[in-house]
Amino acid sequence: MRLIWRYLWPLPLTAIGLVLALIVRMTGGKWSFQAGVLETHGPAARLLLRCHPARGVIAMALGHVVIARDDGCMARTNAHEREHVRQFERWGLLFPLIYGGESIYRWLRGEHPYRDNRFEQAANQAACLEQKN
């Protein structure tokens, strides 16, 4: 039951990611299914990520979908984005609201809304741990 819940709880957000992944695929992008996550990259993904509010983003997770600019960006950000997938599994539909609230809180404190966001810090920490192993 717990496994099913991990997929159902963020399903509406995953559905948005699936639509974007389909657009990426239909416009010449590639995709693969790795450990329960659909990964996609290509020209449309690069265009989509340019519109991300955080400048310079090379990959992003939406539920159980990870969108990256290209295969190299997918490989470089794998551990980071997998942590975001786990955050979607934990918080489900609430995750975008909690993430946004954390960014606003950091900004109001005079901190950086992206770098100082605790969800980004956790993802960065996961990436650092994987690099050490």
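# Strands, pocket and selected residues of a predicted model

Methionine 60 has isoleucine 67, in strand β4, as its bridge partner. The structure described here is a predicted model, and the pairing just named is one part of the contact between β3 and β4, which run antiparallel and are joined over four bridges. The points below begin with the strands, continue with residues around them, and then turn to the largest pocket and the cysteines.

**Strand pairing**

- Strands β3 and β4 form a hairpin with two residues between the strands, and glycine 63 in this hairpin takes a positive phi near 65°.
- Strand β4 (residues 65-68) is also joined to β2 (residues 37-41), here in the parallel sense and by four bridges.
- Within that parallel pairing, glutamate 39 has valine 66 of β4 as its bridge partner.
- Strand β2 pairs with β1 as well, in the antiparallel sense and over five bridges, and in this pairing lysine 30 stands opposite histidine 41 of β2.

**The two sides of β4**

- In a regular strand, side chains alternate between the two faces of the sheet.
- In β4, Val65 and Ile67 point one way while Val66 and Ala68 point the other way, and all of these residues are buried.

**The turn between β1 and β2**

- Strands β1 and β2 form a hairpin that has two residues between them, and alanine 35 lies in this loop, which connects β1 (30-34) to β2.
- The phi of alanine 35 is near 50°, which is a positive value in a residue other than glycine.
- Alanine 35 is exposed, because its relative accessible area is 75%, a value over the 50% cut-off.

**Histidine 41 and glycine 42**

- Histidine 41, which is found in strand β2, is buried because its relative accessible area of 16% falls under the 20% cut-off.
- When neighbours within four places in sequence are left aside, histidine 41 is in contact with Val24, Gly29, Lys30, Ala68, Arg69, Asp70 and Asp71.
- Glycine 42 lies in the loop that leads from β2 to α3 (43-50), and glycine 42 counts as buried at 5% relative accessibility.
- With neighbours within four places in sequence again left aside, the contacts of glycine 42 are Val24, Gly29, Ala68 and Arg69.
- Although glycine 42 and tryptophan 31 are 11 residues apart in sequence, the distance between them in space is 8.8 Å, C-alpha to C-alpha.

**Arginine 82**

- Arginine 82 lies in helix α5, and with a relative accessible area of 14%, under the 20% cut-off, this arginine is therefore buried.
- Apart from neighbours within four places in sequence, arginine 82 is in contact with Gln34, Ala35, Val37 and Glu39.

**The largest pocket**

- The largest pocket has a volume of about 690 Å³, and its lining is made up of 28 residues, of which His52, Ala54, Tyr99, Tyr114 and Glu120 lie nearest the centre of the pocket.
- The elements that give two or more residues to this lining are β3 (59-62), α5 (78-91), α6 (95-108) and α7 (118-132).
- Helix α6 provides the largest share of the lining of the largest pocket, namely five residues.
- By residue type, the lining of the largest pocket divides into 15 nonpolar, nine polar and four charged residues.

**The cysteines**

- The count of disulfides in this model comes to zero, and cysteine 51, which is in no disulfide, has as its nearest cysteine sulfur that of cysteine 73, 16 Å away.
- Cysteine 73 forms no such bond because its sulfur is 16 Å from the closest cysteine sulfur, in cysteine 51, which is too far, given that a disulfide needs the sulfur atoms to be within 2.5 Å.
- As for their surroundings, cysteine 51 is exposed, with a relative accessible area of 62%, whereas cysteine 73 counts as buried at 5% relative accessibility.

Note on methods:
Residues numbered from 1 in each chain as written. Predicted model: local features only at pLDDT ≥ 70, side-chain atom pairs only at ≥ 80, totals over all residues. Heavy atoms only, no water. 1 Å grid on protein atoms, 1.4 Å probe; cavity = no way out; pocket = protein on both sides within 12 Å on 5 of 7 lines; lining within 4 Å. Points joined across faces, edges and corners; volume = space filled by probe spheres on them. Nonpolar A, V, L, I, M, F, W, Y, C, P; charged D, E, K, R; others polar. Buried < 20%, exposed > 50% of the residue type's maximum accessible area, 1.4 Å probe, protein only. Pairing = 2+ DSSP bridges. Contact = heavy atoms within 4.5 Å.
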